[in-house]
Amino acid sequence: MRVLVIGAGNMGLTYSEGMSKSVLLNKHKLRIYDTDPKKIETLRKNDAFNVFENLEDCLPLADLVFIAVKPYHSDDLFIQMKTMINDQQIFVSLMAGVTIQSIQERLQTKKVIRTMPNLPAQVGKGVTSYTESKEVSKVELLMVRNLLDTTGTSIHVKTENFIDASTGISGSGPAYVFYFMQSMLEAALKMGFSDYDSKVLVSSTFEGAIELFNQNDISPEKWIDRVSSKGGTTQAAIDSMEDNNVKQLIQDAAYAAFNRAIEMGKEK
Ligand SMILES: NC(=O)c1ccc[n+]([C@@H]2O[C@H](COP(=O)([O-])OP(=O)(O)OC[C@H]3O[C@@H](n4cnc5c(N)ncnc54)[C@H](OP(=O)(O)O)[C@@H]3O)[C@@H](O)[C@H]2O)c1
C-alpha cells in the first residue's frame, strides 16, 4: 500500500516514523511531502522515507493520505490537492477541530477518516481516537487502525463529537500531566531538593503510579483510599486539593479544550 503523509512536523513525522515500520506498506517506502526545504533536507537522510517536494509527484499515486498540517494551512493545501485526487483514495486527517464534512466539501471527496492523535506517539505510547465517513469500508478502516497502532494504541469512536471530546482528554491531556509534574517539581525545588533529585522523585512517582494503575483493576479513587490514612500526610494533601476544588478545575480544563475543538470546527 502506498501511504503518503502531508506535513512532516511534530505529528506528521511521529506518525510517519511509526507507520514506516508497518508490514502493510509492503515494498513501498512511506512517502512524505512537506513545503519546508530544511525539513526536506533532514528527511532525505532517513532511509525509511521517500521524500517529495512536489505534491503532483506523490499525491496522485497514493492509496492512503495522512494530512498533518496545521488547520489554518489546510485551505491552500486543499485547493492544490483537489485537482490531483481520485474517489478511491482515503484521507486521514490528524487536524484538531476540522470536521469530516469540511474536508469532504473542500477536497470534493468522500472517504475521510478523522483522528485525534497525541504526543506520546513519539515514544510508541500514543493513543489515537478515530472515526470515519460512511463511505469508508470496514476493511479500509481496519487497515488504517493497523497503521495508527504502530504509534501506540487506538480507539474507534462512533461520532465526531467524541473526537472533539478526546481532544479534551488525550489530545491536550499530555499537557495537563506535564502541568501537574511541573507543579510537583517546583514544590520539590522549594523544599530544597536538587534539580536532579526533584526530577527523579517526580518522574518515578508518576511512572510508579501509572504502573500500579495498569497492573491492577483498581480505580484511581480506590488507590487514593489505599494510600491515605485518616489524619496522615497523604490525607492532608488530598484534603488541600479537595478544599481548593482541584478535581473540578481539571475537569473544567478538559472541557475548555473540548469546547475549543468544537469552536475550531465552526471556524473552518
Ligand atoms: N502537536 C500536538 O500535540 C497535536 C495534538 C493533536 C493534534 N494535532 C494536530 O496535528 C496537526 C499537525 O500539528 P503539528 O504540531 O505536527 O504541526 P507542525 O509541527 O507545524 O507541522 C506541520 C508541518 O506541515 C508543513 N506544512 C505547512 N503547510 C503545508 C503544505 N501546504 N503542504 C505540506 N506541508 C505543509 C509545515 O511546514 P512549516 O513549518 O514551514 O509551516 C510543518 O512542517 C495539526 O493539524 C494539529 O491540529 C497536534
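Guide: Helices (H or I, at least four residues) and strands (E, at least two residues) are DSSP runs, numbered from the N terminus. Residues are numbered from 1 along each chain as its sequence is written. The model is predicted, with local features requiring pLDDT of at least 70 and side-chain atom pairs counted only at pLDDT 80 or more, while totals for chains, interfaces and linings use all residues.

Visitor: Which helix supplies the largest share of the shell around the ligand?
Guide: A residue is near the ligand if its C-beta atom, placed from the backbone, lies within 6 Å of it, and 25 residues surround the ligand, the closest being Gly7, Gly9, Met11, Met95 and Ala96. Helix 1 (10-19) and helix 4 (74-81) each contribute at least two residues to this shell. The largest share, 3 residues, comes from helix 1.

Visitor: How many residues of the shell around the ligand are nonpolar?
Guide: Ala, Val, Leu, Ile, Met, Phe, Trp, Tyr, Cys and Pro count as nonpolar, Asp, Glu, Lys and Arg as charged, and the others, Gly among them, as polar. By these classes the shell has 7 polar and 5 charged residues, and its nonpolar residues number 13.

Visitor: Which strands are the edge strands of the open sheet?
Guide: Two strands pair if DSSP finds at least two bridges between them, and the open sheet of 8 strands, with mixed pairing, has the order 3-2-1-4-5-6-7-8. Pairing on one side only marks the edge strands, which are strand 3 (49-52) and strand 8.

Visitor: What is the handedness of the β-α-β crossover from strand 7 to strand 8?
Guide: Strand 7 (residues 126-132) and strand 8 (residues 152-156) pair in the parallel sense over 5 bridges, and Gly126 stands opposite Gly152 in strand 8. The chain passes between these strands through helix 6 (residues 138-148). A crossover is right-handed if, with the strands pointing away from the viewer, the path from the first strand over the helix to the second runs clockwise, and this crossover is right-handed.

Visitor: Why is helix 7 described as oblique to helix 12, or at what angle do their axes cross?
Guide: Axes are lines fitted to C-alpha atoms, for helices over the stretch in contact, and angles run from 0 to 180 degrees between N-to-C directions. Angles under 35 degrees count as roughly parallel, over 145 as roughly antiparallel, 65 to 115 as roughly perpendicular and the rest as oblique. The axes of helix 7 (residues 160-171) and helix 12 (residues 246-267) come within 7 Å and cross at roughly 140 degrees, which makes helix 7, relative to helix 12, oblique.
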